[in-house]
Amino acid sequence: MVCPYCNKQETNVVDSRKNNEGNSIRRRRECPKCNLRFTTYEKAEIGLFVQKRSGELQEFNYEKLFKGIENAFGGLDLNEKQLKTLVDNIYNEIKEKGAKIKSEVIGETVLSHLKETNKVAYLRFASVYKEFSDASDFEKEVAEL
Ligand SMILES: [Zn+2]
């Protein structure tokens, strides 16, 4: 690990301890050149997987989520920054639900956010995502708004 103060390539680990859950390691490091100390954290990076209705697992695709939401807002008043914030909020909520998540749960999460943000985008997304079994389901959704 490079020293963040003087950029020396090699630094020494002076202390290393796991957190209580054992899922992250905190290391105290010392630079032999400038003698300053700093801390690093080591944590496993978990991929996010989507479980399709068929049971098939697919790696989560942020781009796909972004496109889906962007399409729902097509022609509506929402700038790039607002869109990014909205998608990130949804993504963060999805991530908190675990490493393996059902596609329906993603759909429901998106819908709950869109419902608060824009009713037209909500209905557009709902009509694409929910695969309404018949027209009365869609009418029920509209009536609930
Ligand atoms: Zn240094």
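## The nonpolar core

In this predicted model, the largest nonpolar core has 23 residues. The residues with the most contacts inside this core are Leu65, Ile69, Ile94, Ile106, Val110 and Leu114. Four helices each give two or more residues to the core: H1 (62–72), H2 (80–95), H3 (103–117) and H4 (119–129). In soluble globular proteins, nonpolar side chains tend to be buried together.

Take Ile106 as an example. Leaving aside residues up to four places away in sequence, Ile106 touches Val50, Phe60, Leu65, Ile94, Ile101 and Tyr129. Leu65 and Ile94 are also on the list of core residues with the most contacts.

## The zinc site

Which protein atoms are the donors of the zinc ion? They are the SG atoms of Cys3, Cys6, Cys31 and Cys34. These donors lie 2.2 to 2.4 Å from the zinc ion. Along the chain, the donors follow the spacing C-x2-C-x24-C-x2-C.

Why is the arrangement around the zinc ion tetrahedral? The 4 donor atoms subtend angles of 106 to 119 degrees. Four donors count as tetrahedral if all angles lie between 85 and 135 degrees, so this site qualifies. For four tetrahedral donors, the ideal angle at a metal is 109.5 degrees.

## The cysteines around the metal

Are these cysteines buried or exposed? Buried means under 20% relative accessible area. Cys3 has a value of 0%, so Cys3 is buried. Cys31 is also at 0%, and therefore counts as buried. Cys6 is at 24%, so Cys6 counts as partly exposed.

How many disulfides are there? The count comes to 0. A disulfide is a covalent bond between the sulfur atoms of two cysteines. Here, the sulfur atoms of Cys3, Cys6, Cys31 and Cys34 are donors of the zinc ion.

## Two asparagines with positive phi

Most residues other than glycine have a negative phi. Asn7 has a positive phi, near 65 degrees. Asn35 has a positive phi too, of about 65 degrees, although Asn35 is not a glycine.

Where are these residues found? Asn7 is in the segment before strand E1 (12–18). Asn35 lies in the loop between strand E2 (24–30) and strand E3 (37–43). Exposed means over 50% relative accessible area. Asn7 has 53%, so Asn7 is exposed. Asn35 is at 51%, so Asn35 counts as exposed as well.

Conventions
Residues numbered from 1 in each chain as written. Predicted model: local features only at pLDDT ≥ 70, side-chain atom pairs only at ≥ 80, totals over all residues. Heavy atoms only, no water. Core = buried A, V, L, I, M, F, W, Y, C linked by side-chain atoms within 4.5 Å. Buried < 20%, exposed > 50% of the residue type's maximum accessible area, 1.4 Å probe, protein only. Contact = heavy atoms within 4.5 Å. Donors = N, O, S within 2.8 Å, 3.2 Å for Na, K, Ca; no water. Tetrahedral: all angles 85-135°; square planar, octahedral: opposite > 155°, others 65-115°. Disulfide = S-S within 2.5 Å.
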